[in-house]
Amino acid sequence: MNAMKPVLFTLEEANLLLPRLQEELIKLQLLVQQFEMKFEMLQQLKDNRRSGSRPAGGGSDDPFFELESQLEFMRMEVELAVGNFERKGVLLKMINPGLIDFPSMLNGEEILICWKQGEERASHYHGYDDGFSGRKRFPDAGLTN
């Protein structure tokens, strides 16, 4: 099996793609927030049922089926949204706050251009093994627009 060669981005390309990625990130964050709220609701319903407060009627219908189905659909939406980042060649490192890495090269070395939500543009990078704490300012970050 032959691995696909990763897409490499220049700083300019990373920043051109950023507005669209930010929009997709915000949608993903909302989806995750809704998922967590629904999941919490389901847990509370299950806890209430365990503690003996059964709904009137006591039918054999699964009272959790609808919520569980919605959660499963939302989980698939989240996976699809996360996959959209991968398909563009970028690495979504964290959803909240958003942290996105763009594979790149600098002086013959493989690096990751790094953007954190709240930053106006991508202007830092780190090595593959350095992680966010090893961020350095990109040499020509101030020269491009």
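**Close-up 1. Lys-136 and its salt bridge with Asp-130 in the predicted model.** Lys-136 is partly exposed, at a relative accessible area of 39% (buried means under 20% relative accessible area, exposed over 50%, and partly exposed in between, with a 1.4 Å probe and protein chains only). Its partner Asp-130 also counts as partly exposed, with 39% relative accessibility. The closest N and O atoms of Lys-136 and Asp-130 are 3.8 Å apart (a salt bridge is a side-chain nitrogen of Lys or Arg within 4 Å of a carboxyl oxygen of Asp or Glu). As the model is predicted, local features need pLDDT of at least 70 and side-chain atom pairs count only at pLDDT 80 or more, while totals for chains, interfaces and linings use all residues. Residues are numbered from 1 along each chain as its sequence is written, and side-chain values use heavy atoms, with hydrogens and water left out.

**Close-up 2. The salt bridge between Arg-135 and Glu-119.** The closest N and O atoms of this pair are 2.5 Å apart. Arg-135 lies in the loop between strand E4 (124-127) and strand E5 (136-137), and Glu-119 in the loop between strand E3 (109-116) and E4, so the salt bridge ties together parts that are 16 residues apart in sequence (strands, E, at least two residues, and helices, H or I, at least four, are DSSP runs numbered from the N terminus). Glu-119 is partly exposed, with a relative accessible area of 21%.

**Close-up 3. A salt bridge within helix H2, between Arg-75 and Glu-72.** Both residues belong to H2 and are three residues apart, about one turn of the helix. Their closest N and O atoms are separated by 2.5 Å. Arg-75 is partly exposed at 32% relative accessibility, and Glu-72 is partly exposed with a relative accessible area of 36%.

**Close-up 4. The salt-bridge network of Arg-20, Glu-24 and Lys-88.** These three residues are linked in a network of salt bridges. A search of the whole structure finds nine salt bridges.

**Close-up 5. The crossing of helices H1 and H2.** The axes of H1 (residues 11-50) and H2 (residues 65-87) come within 10 Å and cross at roughly 155° (axes are lines fitted to C-alpha atoms, for helices over the stretch in contact, and angles run from 0 to 180 degrees between N-to-C directions). H1 and H2 are therefore roughly antiparallel to each other (angles over 145 degrees count as roughly antiparallel). By class, the contact of H1 with H2 has 17 nonpolar, three polar and six charged residues (Ala, Val, Leu, Ile, Met, Phe, Trp, Tyr, Cys and Pro count as nonpolar, Asp, Glu, Lys and Arg as charged, and the others, Gly among them, as polar).

Definitions and conventions:
Parallel < 35°, antiparallel > 145°, perpendicular 65-115°, else oblique.
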